[in-house]
Amino acid sequence: MEWRPSSYPSSSAPATPVGIRQMPKVIPLQHPPPSSSSSSLIRPRPSPFAKWLSRIQRISAMEWLELLLPCTRWIRTYKWREYLQADIMAGVTVGTMLVPQAMSYAKLAGLHPIYGLYSGFVPIFAYAIFGSSRQLAIGPVALVSLLVSNTLSSIVDSTDELYTELAILLALLVGILECVMGILRLGWLIRFISHSVISGFTTSSAIVIALSQAKYFLGYSITRSSKIIPLVKSIIAGADKFSWPPFVMGSIMLAILLTMKQLGKKQKKLRFLRVAGPLTAVILGTVFVKILHPQSISVVGGIPEGLPSFSVPTCFDYVKRLIPTALLITGVAILESVGIAKALAAKNGYEIDSNQELFGLGVANICGSFFSAYPTTGSFSRSAVNNESGAKTGLSGFIMGVIILCALQFLTPLFTDIPQCTLAAIVVSAVMGLIDYEEAIFLWRVDKRDFLLWVTTSITTLFLGIEIGVLVGVGASLAFVIHESANPHIAVLGRLPGTTVYRNIKQYPEAYTYKGIVVVRIDAPIYFANISYIKERLQKYEVGFDGTTNSGIEVNTMSYVVIEMAPVTYIDSSAAQALKELYQEYKARDIQMALSNPNREVLSTLAMAGVLELLGKQWYFVRVHDAVQVCLSHMQGNFVTPNTGGEEPKQDIVRKQGNTSLSSFFFGKKDADELDEERPLIIEIPED
C-alpha cells in the first residue's frame, strides 16, 4: 500500500496537559515498505546494457561522425582568417623541433635514426584525424624510447634486424591495448596511481636516460641497462678509453641547448630560442664535422632516403614477452599524454573525453606500425611549445607531418654527418626537465606519505630497474588506496553553540557533546572491506572516545549511538548484515542505535536487508539534531509517543521527573536555556 507523509498539525490542536512535554513533528523521512514490489520508492534499476543501448539511440548522425572522427569538430568551426596563420606557424615550429629530437630518441631506443623520423610521420597524421586534442604533439619521447630499449635489449642485440621488427610489433601491441582500453572506457584504472609515483618514476628514468647517453660523450661503449649501478660501473671501468673531442663537443652542445632553453623560458621575446635549440645544435655540429672531419667523433652515417613503405608487423611469436612493456607504455600514455591533453584543452576552452583520446593514440600507433614506426605518445615539451606557438586546431599536427615528410623526402642526405654526441646532448637536455626534485621538496612539506611514495619509487627504479620500480610504485600506491578505503575517517560530532549544526569535535573543540550519547559520522561508503574497522571504532566509544582520550565524553559507557550517514553513498549486503549484528550486540548491552539522513539508495538497501524493520522506523531521522533530542528525551524519561496520523498524542506518556531539564544532559550550562526552547523532533512513521 502506498503511503504519503501526513500533514503537520494545525495550530488548533488540543493543548498539551500541564507537566507533559509536547514533541513537535519533524521533516518526514520516507521509509520504503518492506516489499519492494509494492513500493514506488524502489524502482527497478536498468541494466548497464539497457543504459548503454538507450545512450546509443540518443546519438545523432553528426554526433556519430564527431565520435568516430573528432577532427570534424574543429573542421566545421574552423576560422580560416583567425586560425590558419597560427596553426601553420605552430606546425612549422614544432616540426622543426621534432626532426632532430626524433632521431635522438630513436638512438636512445637502440634503433637507427631513420625510425625516429618514421615514428614522427604517419602517427602524427593519424592522430590529427582521430585524436581529440588540438594542441597535443605526439611522436617519439624519451621515456618510451628507454622502455623500448630496456625490453628489446634483453631479447636480442640491437644490431640484429629482429630488434627493429620487435620495436615495430611493440607499436602495434601498444596501439591495440590503447584502442581496447578506450573502447571499454577503462582509462579510469590508472587513476589509482598516485602522481607522486609518476613523478618519482620519471625522475629516476631521466637520470638513467642521461647516463645511458654518456657513451656518446665519453667516446666508448657502456653497458646497456636500466639500472644505475651497472651503468656507473661500466662508465668507471672504461675510463681508460676516454676521448676528449666528443666530450668537449657534446658538452658545448649541451651548454648551448640549456642556455637557449632557459632564455626561451624567461623571456617571451626570446621564446623562439627554446624551439630553435635542437636544430641549432644539429646545424653547428654538422658544419663542424663537414669542415674539420674529426676522426674521433662518430656520426649518424647513411640514412635511407624516401618515405616508409607499407608492411605488416611480423614476429608474433614474441608477443607474450612484449605484453608487459606494452601495458607499461599504455599506462604512460594515459598518465602523461591524456593528462597533458586535458590540461591543454582546459587552457584553450574546450573539453575532451580521456577514453576517446586514448583511442586516438591507439589508432596512431596502429597506423604507425604499418609504416615502420616504434611506439609513440604525447610529448610534454613539444605540446607546450605547440600551445605557446599559438596552435588552435589539429591542422598544426598536419603541418608537423608535412615537415617530417619533407625531411624524409629531401633532407636525409644532410643528416649523414650529424655527430652522435650532438643527438645525445639533445636527449640529455630534454630529460633534464623530467628531474623533478621540486616535487619531492613540495611533498616533504605537504604530505610525508606521498613523499615516501616518491622516494620508494625513485630508489627502486634507479637500483632495481624500470619494471620493478613501476611495480613497486603502483603496488605502494594501491596499498595506500586500499588502506584508506578499509580504514575510513570516522568523526565524533558535537553541537555548535547556538545552532542545531553538528560538527567534528576535533575541528571544533567548543562543540557540545552529551552524556551517554555518542554521535559519529562515517565519511565513506560502507562495504565488506571496511565494516569490521567501523564496528571496532564504534565499540571503542563505549569505554571512552577512541579508547585513549576523553574529548568531552565524560562517561564510561554510552546509552545511545547516533550514526550520521549523509556521507555514506553506498552500502553493500555484507555491511548491512554487519549492522544487524552490531544492533544485536548493542541491544544486549542496553544501547540504542539511531541512523540519520541515509540517502535513497542506502535506505532501500537497509530496507531490503531487514535492517529498517529490525532497528525500527522511529530510529531513523532526517537530522542529527532530531535524533539527539529524542535520545535526550528518552534518557530523561520524558518521551512522548510520536503522533503519526494527525490525532492527539497518546496519553500513556511519562511525565517529567522532578525539575530536571534537558540542559542537565549538556556538558556545560552556557546554552541551557536555548536547548530547553528547542523541542526534540520526532519522525513521523507512516503506516505500511
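The structure holds 0 disulfides. This statement, like those that follow, concerns a predicted model. A disulfide requires two cysteine sulfur atoms within 2.5 Å. The sulfur of Cys-179 has its closest cysteine sulfur in Cys-367, at 8.6 Å, and therefore the two are too far apart for a bond. The relation holds from the other side as well, since the closest cysteine sulfur to that of Cys-367 belongs to Cys-179. The surroundings of the two residues can also be described. Cys-179 is buried, with a relative accessible area of 8%, whereas Cys-367 counts as partly exposed at 26%.

The overall composition comes next. The protein contains 27 helices and 8 strands. Of its 688 residues, 51% are buried. Among contacts between residues at least 6 apart in sequence, 79% join residues at least 24 apart. The protein exposes about 31,900 Å², and carbon and sulfur atoms supply 60% of that area.

Helix 12 offers a view of the interior. This helix covers residues 244-266, and its 23 residues reach 33 Å from the first C-alpha to the last, close to the 33 Å expected at 1.5 Å a residue. Its buried residues are Pro-246, Met-249, Gly-250, Met-253, Leu-254, Leu-257, Met-260, Lys-261 and Gly-264. An α-helix has 3.6 residues a turn, so residues three or four places apart point the same way. The buried residues of helix 12 pack against helix 10 (214-218), helix 13 (271-292) and helix 18 (420-431).

A loop position supplies an example of contact between separate parts of the sequence. Asp-417 is placed in the loop between helix 17 (395-411) and helix 18. Asp-417 and Phe-288 are separated by 129 residues in sequence, yet their C-alpha atoms are 9.3 Å apart in space. When residues up to four places away in sequence are not counted, Asp-417 touches Gly-285, Thr-286, Val-289, Lys-290 and Val-299.

Charged side chains may be considered next. A search of the whole structure finds 8 salt bridges. In one of them, Lys-535 pairs with Glu-581, the closest N and O atoms being 3.6 Å apart. This pair links distant parts of the chain, with Lys-535 in helix 22 (residues 531-540) and Glu-581 in helix 23 (residues 573-588), 46 residues apart. Lys-535 also forms a salt bridge with Glu-585, where the closest N and O atoms are 3.9 Å apart. Here too distant parts of the chain are linked, as Glu-585 lies in helix 23 and Lys-535 in helix 22, 50 residues apart. Lys-535, Glu-581 and Glu-585 are thus linked in a network of salt bridges. Within this network, Lys-535 counts as buried at 14% relative accessibility, while Glu-581 is partly exposed at 38% and Glu-585 is partly exposed at 28%.

Another salt bridge joins the side chains of Arg-623 and Asp-626, with an N to O distance of 2.7 Å. Arg-623 is partly exposed, with a relative accessible area of 28%. Asp-626, by contrast, is buried, with a relative accessible area of 1%.

The surface also carries nonpolar side chains. Trp-188, Leu-189, Phe-192, Leu-478, Val-481 and Ile-482 form a nonpolar patch there, with about 510 Å² of accessible area together. Leu-478, one of these residues, is found in helix 21 (residues 466-486). Patches are made of residues with over 30% relative accessible area. Leu-478 has a relative accessible area of 35% and is therefore partly exposed.

Two loop residues remain to be considered for their backbone geometry. Arg-185 has a positive phi of about 55 degrees although it is not a glycine. Arg-185 is located in the loop between helix 8 (161-183) and helix 9 (195-212), and counts as partly exposed at 46% relative accessibility. His-293, likewise not a glycine, has a positive phi of about 50 degrees. His-293 lies in the loop between helix 13 and helix 14 (319-347). With a relative accessible area of 54%, His-293 is exposed.

Conventions. Residues numbered from 1 in each chain as written. Predicted model: local features only at pLDDT ≥ 70, side-chain atom pairs only at ≥ 80, totals over all residues. Heavy atoms only, no water. Buried < 20%, exposed > 50% of the residue type's maximum accessible area, 1.4 Å probe, protein only. Patch = residues over 30% accessible without salt bridge, like charges linked within 9 Å, V, L, I, M, F, W, Y side chains within 5 Å. Areas by Shrake-Rupley, 256 points an atom, 1.4 Å probe, with all protein chains shown as cover. Salt bridge = Lys/Arg side-chain N within 4 Å of Asp/Glu carboxyl O. Helix = DSSP H or I, 4+ residues; strand = E, 2+ residues; numbered from the N terminus. Expected span 1.5 Å × (residues − 1). Contact = heavy atoms within 4.5 Å.
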